[in-house]
Amino acid sequence: DVLPILPQKGLRVVDIGANLGSFTIWLSQAAKVDEAFCFEPEPDSFRLLRFNLSRNNCAFAHALESAVGGRSRTAQITLKEDSPGGTNIYSPAPGGGPPKGSSIQVVALSEWLSQTPGAFDLLKMDCEGSEWEIARQTSPPDLARFRAMVAEVHEDPEGLQPVEKFSALLESAGFRTVRWDRKA
């Protein structure tokens, strides 16, 4: 659903939670992508991300081994053994139990943007809960550097708001929201 609202030119994209690179690879096959920044903190997924980008003619993509959040820090990545794509940077692990994983760097989106000039056509977030702190702690002028945003929304790790309130958070930053399932 995002393709019709993207400009018909070489796109500039930020892919937070790039995992194995599927979204960036798909987008590059569906539209022209001039530059993509693909963030992935999980070491095994990061290696596969780099491999997949190189094998799919994505020389325009920069693979960055980091998580993205609202503030910079070192965090413990929590691995979900039953769903490797569902890793997150919050502790304790959802469902209880100690976090299993390694220490990773989390970069604040606003700090990264301050070092990366220019506007972007698309911000894609599939970051297992970090979308909440990114939306809360990134200034509206920084978010305005993105023409469009696509997000897989998870439960608020801080428990402050239900999933249904994420759209209001983005709308307060000037975005118009549309759910893929067309629900309110």
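These are my notes on the fold, surface and one helix of this protein.

**Entry 1, the model.** I am working from a predicted model, so what I write below is computed from that prediction.

**Entry 2, elements.** I looked up the secondary structure and found 6 helices and 8 strands. I then read the order along the sequence, which is β-α-β-α-β-β-β-β-α-β-α-α-β-α. The radius of gyration is 16 Å, close to the 16 Å that the globule rule gives for 184 residues, so I noted the protein as being as compact as a globular protein of that length. For overall extent, I took the C-alpha trace along its principal axes and got spans of about 45 × 40 × 35 Å.

**Entry 3, interior and contacts.** I checked how much of the chain is covered: 46% of the 184 residues are buried. Next I took the contacts with a separation of 6 or more and noted that 71% of them join residues 24 or more positions apart.

**Entry 4, surface and charge.** I put the exposed area at about 9800 Å², with 52% of this area coming from carbon and sulfur atoms. I counted 19 positive and 24 negative charges. Their mean positions lie 4 Å apart.

**Entry 5, helix α1.** I picked out α1, which covers residues 22–30. Which of its residues are buried? I listed F23, T24, I25 and L27. What do these buried residues pack against? I found three strands named before β7, namely β1 (11–16), β2 (33–39) and β3 (61–64), then β7 itself (120–125). The helix α2 (43–55) is also on the list of partners.

Note on methods
Residues are numbered from 1 along each chain as its sequence is written. This is a predicted model: local features need pLDDT of at least 70, side-chain atom pairs count only at pLDDT 80 or more; totals for chains, interfaces and linings use all residues. Side-chain values use heavy atoms; hydrogens and water are left out. Helices (H or I, at least four residues) and strands (E, at least two) are DSSP runs, numbered from the N terminus. The radius of gyration is taken over C-alpha atoms; the globule rule is 2.2 Å times the number of residues to the power 0.38. Buried means under 20% relative accessible area, exposed over 50%, partly exposed in between (1.4 Å probe, protein chains only). Contact means heavy atoms within 4.5 Å. Accessible areas come from the Shrake-Rupley method with a 1.4 Å probe; for residues, only the protein chains shown count as cover. Lys and Arg count as positive and Asp and Glu as negative; His and the chain ends are not counted. The place of a charge is taken as NZ of Lys, CZ of Arg, CG of Asp or CD of Glu.
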